[in-house]
Amino acid sequence: MALEAGFLFDLGTIVVAATIMSFIGRYLKQPLILAYIATGLLLGPIGLGALDLSLGGFSVGINTTEEVLIFAELGVAFLLFGVGVETNFSILLGLGKTVLAGGVLQVFFTVLAVFFGAIFFNLFDFSQVVILGLILAFSSTAIVVKILSDRHEIGTIHGKLLIGFLLVQDLLVIIALPFLKNTGAVFSADLIAPVLVQSGFLLALAFVFNRFVYPKLFRFGSHSEELLFLASVSSCFVFILLAFLLDFSIGLAAFIAGLALSNLPYNVEVFHKIKGLRDFFSTVFFVTLGMQINFSFTSIPVLALLFLVGVVFVFKPLVFFLMTLFAGYGARIALTVALALSQVSEFSFIIAQQGRQFLDTTPGLYSAIILIISVSMAATPYFMKNSGRAFCFLKKHLEKHVGTKYNGVFTKKIDRLSGEFPALAGHLVIVGAGT
């Protein structure tokens with residue numbers, strides 16, 4: 001009973017502290033994600049958790065517990081479930097070649113950059129290079145989706161591209177995690193085949209539910225707000241349970257569950273029903289990120305630290321920018337995508353923990369990685385907010401040195417989309433008919 005009470009006290013402390021920090025953040029006109037991470041710093045092992053204070057027999061500070069981390073994982077799952085509900089799958093398929101090739105190539109180039117950089121600077125051994133390459137290659141689905149959702153940009157072109165890139169990366173993470181246990185099996189069919197089978201099974205199940213179960217179920221449930229809410233949440237948990245049984249990614253399973261609801265007439269209502277639950281769980285997730293930050297990396301060489309920071313904030317955005325630009329989406333969208341993905345994934349915490357025995361051979365490397373992951377996540381809202389200003393600066397210098405003769409090559413996709421909507425006159429505009 002004491003354990004359950006302690007967990008409830010920790011959860012209540014997180015919610016109350018996050019609320020107070022959110023008010024402060026809003027007053028200072030700072031992103032709420034930054035307020036949540038700051039809450040984790042305040043409550044965690046380097047904040048109140050280090051002071052050994054107690055209230056009514058319970059510790060005021062929090063050392064991240066297993067139960068809190070479960071809530072954090074549910075936060076990622078509900079973020080992706082909401083994205084799935086909002087996603088038009090046919091439009092996402094139209095971006096298939098760009099996001100599939102781009103997502104895979106970016107991960108490959110980032111791992112390669114870490115490998116050659118480590119050899120050139122003589123910084124890390126082979127095992128550390130493999131771990132570091134995988135840690136830095138992936139970007140944060142939770143952060144980007146949260147910001148896109150808050151800014152109502154899920155349905156924009158850059159929003160669809162970002163979600164596509166991130167989902168491809170998440171699928172690669174699932175393949176990468178077993179690879180850490182057996183580095184010789186990276187190209188083995190025994191490693192890749194189960195992931196493909198599990199993904200195919202969940203997608204097939206989502207298709208069956210979408211065609212034969214959900215239309216009647218949600219038509220009946222739509223007459224009651226409580227039934228609609230319960231049916232939505234239950235559909236998400238069914239796929240989460242199946243993912244747990246199959247040892248599959250809970251986040252990707254939740255996204256597939258959302259896709260199964262995405263083309264129903266009630267998808268907008270479903271999204272708004274689960275939004276509060278999603279925000280609650282995701283708040284806990286971002287607070288737990290802040291709890292994992294520490295500053296015990298003073299012994300790591302400055303050159304190694306600069307190299308790792310350069311991969312995250314310079315090399316990765318440059319790769320995304322060039323791939324999106326040459327795909328024909330224009331410099332503005334390419335820069336927005338690049339800046340939005342210049343951070344490290346929440347899954348990288350898992351990779352870092354699994355490979356900690358290798359990272360710890362260089363004192364302070366593990367702590368440095370945790371700090372880089374957290375700082376990159378905290379910086380993302382500022383990058384996305386100022387992407388317009390960055391584009392104006394970039395455009396000015398590009399036109400000065402390169403000119404405009406290549407614009408047609410770099411904007412072919414945008415030009416094609418623009419051609420689908422010719423100028424209209426004398427038409428009636430109807431507002432309010434569906435999304």
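Reader: What makes Ser-232 of helix 10 count as buried or exposed?

Author: In this predicted model, Ser-232 lies in helix 10. Its relative accessible area is 0%. Buried means under 20%, so Ser-232 is called buried.

Reader: Which residues is Ser-232 in contact with, leaving aside its neighbours within four places in sequence?

Author: Ser-232 is in contact with Phe-81, Phe-218, Val-270 and Ile-274, once those neighbours are left aside. The word contact is used here for heavy atoms within 4.5 Å.

Reader: Why is Lys-273 called partly exposed?

Author: Lys-273, a residue of helix 12, has a relative accessibility of 27%. The class of partly exposed residues lies between the limits of 20% and 50%, and Lys-273 therefore belongs to that class.

Reader: How far apart are the C-alpha atoms of Lys-273 and Leu-228?

Author: Their C-alpha atoms are separated by 7.9 Å, while the two residues are 45 residues apart along the chain. Leu-228 is also among the contacts of Lys-273 outside its neighbours within four places in sequence, together with Glu-225 and Phe-229.

Reader: What is notable about the phi of His-152?

Author: The phi of His-152 is near 55°, which is a positive value in a residue other than glycine. Most residues other than glycine have a negative phi. His-152 is placed in the loop between helix 7 and helix 8. The relative accessible area of His-152 is 70%; exposed means over 50%, so His-152 is exposed.

Reader: How do you know whether Asp-247 is buried or exposed?

Author: Asp-247 has a relative accessibility of 70%. The cut-off for exposed is over 50%, and Asp-247 therefore counts as exposed. Asp-247 is located in the loop between helix 10 and helix 11, and its phi, near 60°, is positive although the residue is not glycine.

Reader: At what angle do helix 2 and helix 12 pack, and what is that arrangement called?

Author: Helix 2 and helix 12 pack at an angle of about 50°, and their axes are 6 Å apart. Angles under 35 degrees count as roughly parallel, and 65 to 115 as roughly perpendicular. The angle of this pair falls in neither range, so helix 2 is oblique to helix 12. The crossing is right-handed. Helix 2 contributes Ile-33, Tyr-36, Ile-37, Thr-39, Gly-40 and Leu-41 to the contact, and helix 12 contributes Thr-283, Phe-286, Val-287, Gly-290 and Met-291. By class, this contact holds seven nonpolar, four polar and no charged residues.

Reader: Why does the term for helix 14 and helix 16 follow from their angle?

Author: The axes of helix 14 and helix 16 cross at roughly 180° and come within 11 Å. An angle over 145 degrees counts as roughly antiparallel, so helix 14 is roughly antiparallel to helix 16. Ser-348, Phe-349, Ala-352 and Gln-353 of helix 14 meet Tyr-366, Ile-369, Ile-370, Ile-373, Ser-374 and Met-377 of helix 16. The residues of this contact comprise seven nonpolar, three polar and no charged.

Reader: What is the average pLDDT of the chain?

Author: The chain has an average pLDDT of 82, and 86% of the residues score at least 70. Among the elements, helix 10 has the highest mean pLDDT, 91, and helix 4 the lowest, 63.

How values were computed:
Residues numbered from 1 in each chain as written. Predicted model: local features only at pLDDT ≥ 70, side-chain atom pairs only at ≥ 80, totals over all residues. Heavy atoms only, no water. Axes fitted to C-alpha atoms, helices over the stretch in contact; angles between N-to-C directions. Helix = DSSP H or I, 4+ residues; strand = E, 2+ residues; numbered from the N terminus. Left-handed = near helix turned anticlockwise from the far one by under 90°. Nonpolar A, V, L, I, M, F, W, Y, C, P; charged D, E, K, R; others polar. pLDDT = per-residue confidence, 0-100. Buried < 20%, exposed > 50% of the residue type's maximum accessible area, 1.4 Å probe, protein only.
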